[in-house]
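User: Can you walk me through this one? I have some questions about the core, the sheets and the odd backbone spots.
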Protein chains: 2
Amino acid sequence: MRVYQGKDEIRQSLRESRQGLKVGFVPTMGALHEGHLSLVERCKTECDLCVVSIYVNPAQFGPSEDLGKYPRNLDKDLELLSKRGADLVFFPDDVQMYPPGYRTWIDVEGLSEKLCGASRPGHFRGVATVVLKLCNIVRPDSMYMGLKDFQQIVVLERMLKDLDCETRIVRCPIIREEDGLALSSRNAYLEPDERLRAISLSQALKMAREQVASGTRDSAALIEEASKTVSAAGGTIDYIKIVDADTLEDVAMVNENSRMLLAVFMGKTRLIDNCALGI
Amino acid sequence: MRVYQGKDEIRQSLRESRQGLKVGFVPTMGALHEGHLSLVERCKTECDLCVVSIYVNPAQFGPSEDLGKYPRNLDKDLELLSKRGADLVFFPDDVQMYPPGYRTWIDVEGLSEKLCGASRPGHFRGVATVVLKLCNIVRPDSMYMGLKDFQQIVVLERMLKDLDCETRIVRCPIIREEDGLALSSRNAYLEPDERLRAISLSQALKMAREQVASGTRDSAALIEEASKTVSAAGGTIDYIKIVDADTLEDVAMVNENSRMLLAVFMGKTRLIDNCALGI
C-alpha cells in the first residue's frame, strides 16, 4: 500500500498510469476575432492538441443583458478555426450544458462581487460554473485566455487553484485595433461615431501609464484624469479603478502590482479595457 | 479538424489518448468501521486501483458541531486499510485543502437546504466542495459511498452530473450492528443506555416497511408511528420524513420511489438512518 499526504504526490502517482499529450483549450463565446485567434495560435505552438469551445453561456448574462442579440456565426467561426489549425471544436447546446433539473453553481467569494461583478450580479458565478464544466469535459493542461477580461482571469485562476484542478491559465496579451481599441465581439454593436469615440478607453489607459512613468503614484489623480478623457469622448463611466492585480482591492498609491481597469458605456454598448501600471 | 457537439463524444475522443486503469475511490473522515471497510472491499472487487482518503473536513461542520471531538485514529485506520488491501491512501491536512485565501464553494441548490441541511446550514456546501476537490485530485472512475448518508449521495450525484465530472457514485448498502443500529463513527459518542435506545431508529424504519407491506400508503400515518417509536425510546426527533428519492421532496402517499429518512438525537449525539419503502 502506498500512502500520501501530498496532493501533488498522489496526483503524480495516478498520472503515471495516464499517458500524456499536452492538451490546450481556448473557451470562447464565438463571434471570433483576431483576439480569439491569437489564443488559438499560442495554444497550437505550446500544446499537442488545440481544443476550442464555442458556447454563448446564458448563465453569465443578466436578465437585462444582451444574450439574445449577442453575435453568433458558427459557420464563419468554424472556417476561421479550421484555417488556423484548431484540432477539436466543441459547440454544445443549452440542453446539454444546463439540462432540466440543473442546480449546481460555483462561487468564488470576494473576487466575484467587485468591478464587473458589481454591475453584473451573478456574471462570474455563471462564468466560473461554465468554465469548470468545460474543463471537466476537455481536461486541458492549459487554458488560453486574453487579459482583456482581467477580472475573469483572476476569478478563474482562483477557482482552479481552490478546487484542485490541474488546468493552468495562460494569460495572453490584449489584441487591439490599430487605433488602440481592444478587440471585442461587442465592438460590432458600435455605431460609427461610437466606434470613433471608443478609442478613449485605450487612450485613458495610455495616459495613465505615461503619468505613472513620469512619477505620479496617486490613484485618485490618475483616475480623475482618465475619467475626464472618457467623459470628454461621450462615454458613460461604469467604473474606473486602480486595483491590486491579485486581490482586485483598490489601491491608493500605485505600485508594481497595480492595474487600471475600466468599464464604459458608449451608447448602449458596454466596453471594458485594462492595463498594468508597471513602475 | 474534428468537430463535436456532444460532450460524451469529445470526452471519448480525448480519453482515447489516455490509457485506463479503473480507479475507485472511497472518501472517508477516518475513524473507520465495517461500513467504510465494506466500501473498500466493494471498490477492490470492481476497480484496478482502490484509493481511500481520510480527511475530517472542517468546512462541513457548523460552529457548534463536533469538529473538535470527532474521533481520529490515523494509525489504526491505516492498519485496517492495509489489511483490507487499499492501494493508495490520501490524508491531507487543512493547509493543503484550504490554504490561505481559499474562497471557492459549490452550491447544489434546492437539495442542500432540506432535511440534514436545514439542521446543519452550510453542511452540504462543505461536503460538495471537498468531494469535488478530492475527485479532482484522485480522478476516480467510481466513488463508493454508503446509503446511510442518503441525502449526501443525492446531493453529490447531482453535483457530479451538473459539473460534467466523469466520476460515478456507487451506492452501497448500509452496514448495521446485529441489533440493527446503522454503523457510524459517531456511535462512539453514545453512553451505554443511549446505545441501547438507539436501536429505535432502525426499529422505526423496519415498522414503516412492514406497514407499507401491509398496505399503508399514507405518509403522515407512517411518520406518526415512527415518531412514537423513537420518542418512546427517549430520542429527540430532528426530523422524520418520507420523501421522493430523487427530489427529496415530501410525498403525501408512498410510492415505489419513496424513502423514509430520520435524524434523531440520543442525548447529545445526532444519529441518522433511512430506508427505501419499496412497494
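Analyst: Let's start with one residue. This is a predicted model. Leaving aside neighbours within four places in sequence, A:Met159 is in contact with A:Ile106, A:Val108, A:Ala128, A:Val131, A:Leu132 and B:Thr104.

User: Which residues have the most contacts inside the largest nonpolar core?

Analyst: A:Met159 and A:Leu163, together with B:Met159 and B:Leu163. That core has 96 residues. In soluble globular proteins, nonpolar side chains tend to be buried together.

User: OK, sheets. What is the strand order in the open sheet of chain A?

Analyst: The order is 8-9-10, three strands with antiparallel pairing. Strand 8 (236-244) and strand 10 (269-276) of chain A are the edge strands, and each pairs on one side only. Neighbouring strands of this sheet are turned by 10° against each other on average, ignoring direction.

User: How many bridges join strand 8 to strand 9 in chain A?

Analyst: Eight, and strand 9 covers residues 258-266. The two strands run antiparallel. A:Ile240 has A:Leu262 in strand 9 as its bridge partner.

User: Which helix packs on that sheet, touching strand 8 and strand 9 of chain A?

Analyst: Helix 10 of chain A, residues 219-232. Its direction makes about 155° with that of strand 8 of chain A.

User: And chain B? Which strands form the open sheet there?

Analyst: Strands 8, 9 and 10 of chain B, in the order 8-9-10 with antiparallel pairing. Strand 8 (236-244) and strand 10 of chain B each have a single partner strand, so one side of each is left without a neighbour in the sheet. The twist averages 10° from one strand to the next.

User: What joins strand 9 to strand 10 in chain B?

Analyst: Eight bridges, with the strands running antiparallel. Strand 9 of chain B is residues 258-266. As an example, B:Met260 has its bridge partner, B:Cys275, in strand 10 of chain B.

User: Which helix lies across strand 9 and strand 10 of chain B?

Analyst: Helix 9 of chain B, residues 199-213. Helix 9 runs at about 20° to strand 10 of chain B. Helix 10 (residues 219-232) of chain B also packs on the sheet, where it touches strand 8 and strand 9 of chain B. The direction of helix 10 makes about 155° with that of strand 8 of chain B.

User: Switching topic. How many cavities of 30 Å³ or more does a search of the whole structure find?

Analyst: Two. The second largest holds about 50 Å³ of space.

User: What lines the second largest cavity?

Analyst: B:Lys148, B:Leu181, B:Ala182, B:Ser184, B:Asn187, B:Leu201, B:Leu271, B:Ile272 and B:Asp273. Strand 10 (residues 269-276) of chain B gives the most to this lining, with three residues.

User: Now the backbone. What is the phi of A:Arg139?

Analyst: Near 50°, a positive value in a residue other than glycine. Most residues other than glycine have a negative phi.

User: Where is A:Arg139?

Analyst: In the loop between helix 6 (123-138) and strand 6 (142-146) of chain A.

User: Is A:Arg139 buried or exposed?

Analyst: A:Arg139 counts as buried because its relative accessible area is 18%, and the cut-off for buried is under 20%.

User: What about B:Arg139, where is that found?

Analyst: In the loop between helix 6 (123-138) and strand 6 (142-146) of chain B. B:Arg139 has a positive phi of about 50°, although it is not a glycine. B:Arg139 is buried, with a relative accessible area of 18%.

Technical notes. Residues are numbered from 1 along each chain as its sequence is written. Chains are lettered from A and ligands numbered from 1 in the order in which they are written. This is a predicted model: local features need pLDDT of at least 70, side-chain atom pairs count only at pLDDT 80 or more; totals for chains, interfaces and linings use all residues. Side-chain values use heavy atoms; hydrogens and water are left out. A nonpolar core is a set of buried Ala, Val, Leu, Ile, Met, Phe, Trp, Tyr and Cys residues joined through side-chain atoms within 4.5 Å. Buried means under 20% relative accessible area, exposed over 50%, partly exposed in between (1.4 Å probe, protein chains only). Contact means heavy atoms within 4.5 Å. Two strands pair if DSSP finds at least two bridges between them. Helices (H or I, at least four residues) and strands (E, at least two) are DSSP runs, numbered from the N terminus. Axes are lines fitted to C-alpha atoms, for helices over the stretch in contact, and angles run from 0 to 180 degrees between N-to-C directions. On a 1 Å grid over the protein atoms alone, a cavity is a set of points where a 1.4 Å probe fits but cannot get out, and a pocket is an open set with protein on both sides within 12 Å along at least five of seven lines; lining residues have an atom within 4 Å of a point. Grid points are joined across faces, edges and corners, and a volume is the space filled by probe spheres set on the points.
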